[in-house]
Amino acid sequence: ALAQLEPFTDYDTSKQLWNITFIKVAPNMSDDYLEGLKETWVASNKAAMELGQIESFSIFRSQLESSGDVNLFLVTKFADSSQLEPNKEEYAKFMKAWGEANEDRTREITKNYPSMREITGEYLVRELTIK
């Protein structure tokens, strides 16, 4: 019989979490979409990182853009689950740093997103380390 692995004995689970969004960007729209992300997703994540609300963020693009249901991955790393909890003070800090002008600009830019891409999945994952 095969033995099952036991958490904490056979493997550890990280406190850190990664939010990974799978996106299928339409043909010939990658650079346009990335341009929008630069002003929205990237800029807001930089503000959140400076405030200590996230640990890091990354964008990964498939080198085989026409294969499969995903060709772009947006990844945000959180120190632990407490960074995902609703927090009025942290929200107020972010909005102060982000500013009303950026919020309005983001609304304008993201209006074009549905014609450029489809979100095909979103995952919140932890790293497992096998001992």
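The following exchange asks why certain labels apply to residues and spaces in this predicted model.

User: What should be kept in mind about numbering and confidence before these labels are read?

Analyst: Residues are numbered from 1 along each chain as its sequence is written, and side-chain values use heavy atoms, with hydrogens and water left out. Because the model is predicted, local features need pLDDT of at least 70 and side-chain atom pairs count only at pLDDT 80 or more, whereas totals for chains, interfaces and linings use all residues.

User: Why is the contact of tyrosine 33 and tyrosine 113 called an edge-to-face aromatic pair?

Analyst: Rings of Phe, Tyr and Trp (its six-membered ring) pair if their centres lie within 6.5 Å, and planes under 30 degrees apart count as stacked, over 60 as edge-to-face and the rest as tilted. For tyrosine 33 and tyrosine 113 the values are 4.9 Å centre to centre and 70° between the planes, which fits the edge-to-face class. Tyrosine 33 lies in helix 1 and tyrosine 113 in helix 3 (residues 113–116), so this pair ties together parts that are 80 residues apart in sequence; helices here are DSSP runs of H or I with at least four residues, strands are runs of E with at least two, and both are numbered from the N terminus.

User: How do you know whether tyrosine 33 is buried or exposed?

Analyst: Buried means under 20% relative accessible area, exposed over 50%, and partly exposed in between (1.4 Å probe, protein chains only). Tyrosine 33 has a relative accessible area of 2%, so it is buried, and tyrosine 113, at 5%, also counts as buried.

User: What makes tryptophan 41 and phenylalanine 57 an aromatic pair, and of which kind?

Analyst: Their ring centres are 5.6 Å apart and their planes stand at 85°, so by the same cut-offs the pair is edge-to-face. Tryptophan 41 lies in helix 1 and phenylalanine 57 in strand 3 (residues 56–61), so the pair ties together parts that are 16 residues apart in sequence. Tryptophan 41 is buried, with a relative accessible area of 17%.

User: Why is asparagine 28 called exposed, and where is it found?

Analyst: Its relative accessibility is 78%, which is over the 50% limit, so asparagine 28 counts as exposed. Asparagine 28 is found in the loop between strand 2 and helix 1, and has a positive phi of about 65° although it is not a glycine.

User: Why does phenylalanine 8 count as exposed?

Analyst: Phenylalanine 8 has a relative accessible area of 67%, so this residue too is exposed. Its place is in the segment before strand 1 (11–13), and its phi is positive, about 75°, although phenylalanine 8 is not a glycine.
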